[in-house]
Amino acid sequence: MCVAFGLQGGGTGKTTISFNVAVKMARDGKRVFFIGMDMGRQSAVYLWDKRVADHIYKGEIATIREYFRGKAKPLEIAYESNIKNLFFVPAGHGKVEVKELKRSATLFSKLISEYKRYGRVIIDCPGSGGLSSALDYLMVFSSCDSFVPVVEPNEASIANAIRLANMAYLSNVPVNLVVLNKVREDNQDLMERAKKILTTEGNVISVKYSDRFVEAYEKGAPLVVLYPESEEARSIAKIAEIIERNAGPVVKAGPERIRTALSIIEGQEVAEIDLSIFKHIKDLFRRK
């Protein structure tokens, strides 16, 4: 099982939510590989171990970047955490280039397949906007089994989620769950809209705005460990439960998924890929 959490744009809480879900699964006895795919910010590293972040920035430990370059194997970039059953896979610095998308998707698919042999895979997707982020998402969608948008309760965030949810569906990646994060009050109208627009399954989990997440981040400890009986931790547990219930591998992982999506969306603007760049991507996947 491989599940990707994401939304273009920073600050929605996708790293916090995905990391706490990974910790919850690990504490429940599942082996979990948590992949921090945000190659720019690396905020996931600070949640996992702040000391490791310095080593990544200095290029002192191997990351997905080294794996793509053929300098490291999948299990060599999976680092054991101080939480039993939880392993962290850092992305390093860099971005997916158009000319490298096909090769990156192939390698990423092999990486995910290797980790799925041993346990669950949780991906913290990029937050930056624009072309780089869109290509990163295409690569992630080439291999994940489901996508979970982490949405703030506002129109702009939902609009962002719609673009990515559409790209996920076109890539044959189901959206079985939406996390409505940082909710300050129960907005039933927004919940209903999220259900209708973003997920065919109708699963929307609301996570209230809480200083506890901030406190946990500052202490370098997951909220589900610091406050295991809290309302927030119960929301995380519900997210993990729905993911487990809907777990199921999606067929045709790898570049074939991207090729299928591109054949469907020809002539459209999807996830901020402009049409000139889109043509280059199409040409790339026509080559043998």
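This short presentation covers the aromatic pairs and the salt bridges of one structure.

Good morning. Please keep in mind throughout that the model is predicted.

I shall begin with the aromatic side chains. A pair of aromatic rings is described by the distance of the centres and the angle of the planes. In this structure there are eight aromatic pairs. One of them joins Y67 and F68, whose ring centres lie 5.8 Å apart with 40° between the planes, and this pair is tilted. Are these two residues buried or exposed? Y67 has a relative accessibility of 8% and therefore counts as buried, since the limit is under 20%. F68, with a relative accessible area of 12%, is buried as well.

The pair of F141 and F147 has another geometry. Here the centres are 5.1 Å apart and the planes stand at 70°, so the pair is edge-to-face; an angle over 60 degrees is what places a pair in that class. Both F141 and F147 are buried.

Aromatic residues may also be grouped beyond a pair. F19, F34 and F88 make up one aromatic cluster. A ring can have a charge as its partner, too: the charged end of R212 sits over the ring of Y227, at 5.0 Å from the ring centre.

I now turn to the salt bridges. How many does the structure hold? The count comes to nine.

Let us take K24 and D28 to start with. Their side chains meet in a salt bridge, with 3.4 Å from N to O. K24 is partly exposed at a relative accessible area of 25%, and D28 is partly exposed at 43%.

Next, E231 and K208 form a salt bridge of 3.5 Å, N to O. What does this pair tie together? E231 belongs to helix α11, residues 231-245, whereas K208 belongs to strand β8, residues 204-208, so the salt bridge connects parts that are 23 residues apart in sequence. E231 is partly exposed, with 40% relative accessibility, and K208 is also partly exposed, with 35%.

Helix α11 contains a further example. K238 and E241 form a salt bridge in which the closest N and O atoms are 3.6 Å apart. Because these residues are three positions apart in helix α11, about one helical turn separates them. K238 is partly exposed at 34% relative accessible area, and E241 is partly exposed at 40%. The connection extends to another residue, for K238, E241 and R245 are linked in a network of salt bridges.

Thank you for your attention.

Note on methods:
Residues are numbered from 1 along each chain as its sequence is written. This is a predicted model: local features need pLDDT of at least 70, side-chain atom pairs count only at pLDDT 80 or more; totals for chains, interfaces and linings use all residues. Side-chain values use heavy atoms; hydrogens and water are left out. Rings of Phe, Tyr and Trp (its six-membered ring) pair if their centres lie within 6.5 Å; planes under 30 degrees apart count as stacked, over 60 as edge-to-face and the rest as tilted. Buried means under 20% relative accessible area, exposed over 50%, partly exposed in between (1.4 Å probe, protein chains only). A charge sits over a ring if NZ of Lys or CZ of Arg is within 6 Å of the ring centre and within 35 degrees of the ring normal. A salt bridge is a side-chain nitrogen of Lys or Arg within 4 Å of a carboxyl oxygen of Asp or Glu. Helices (H or I, at least four residues) and strands (E, at least two) are DSSP runs, numbered from the N terminus.
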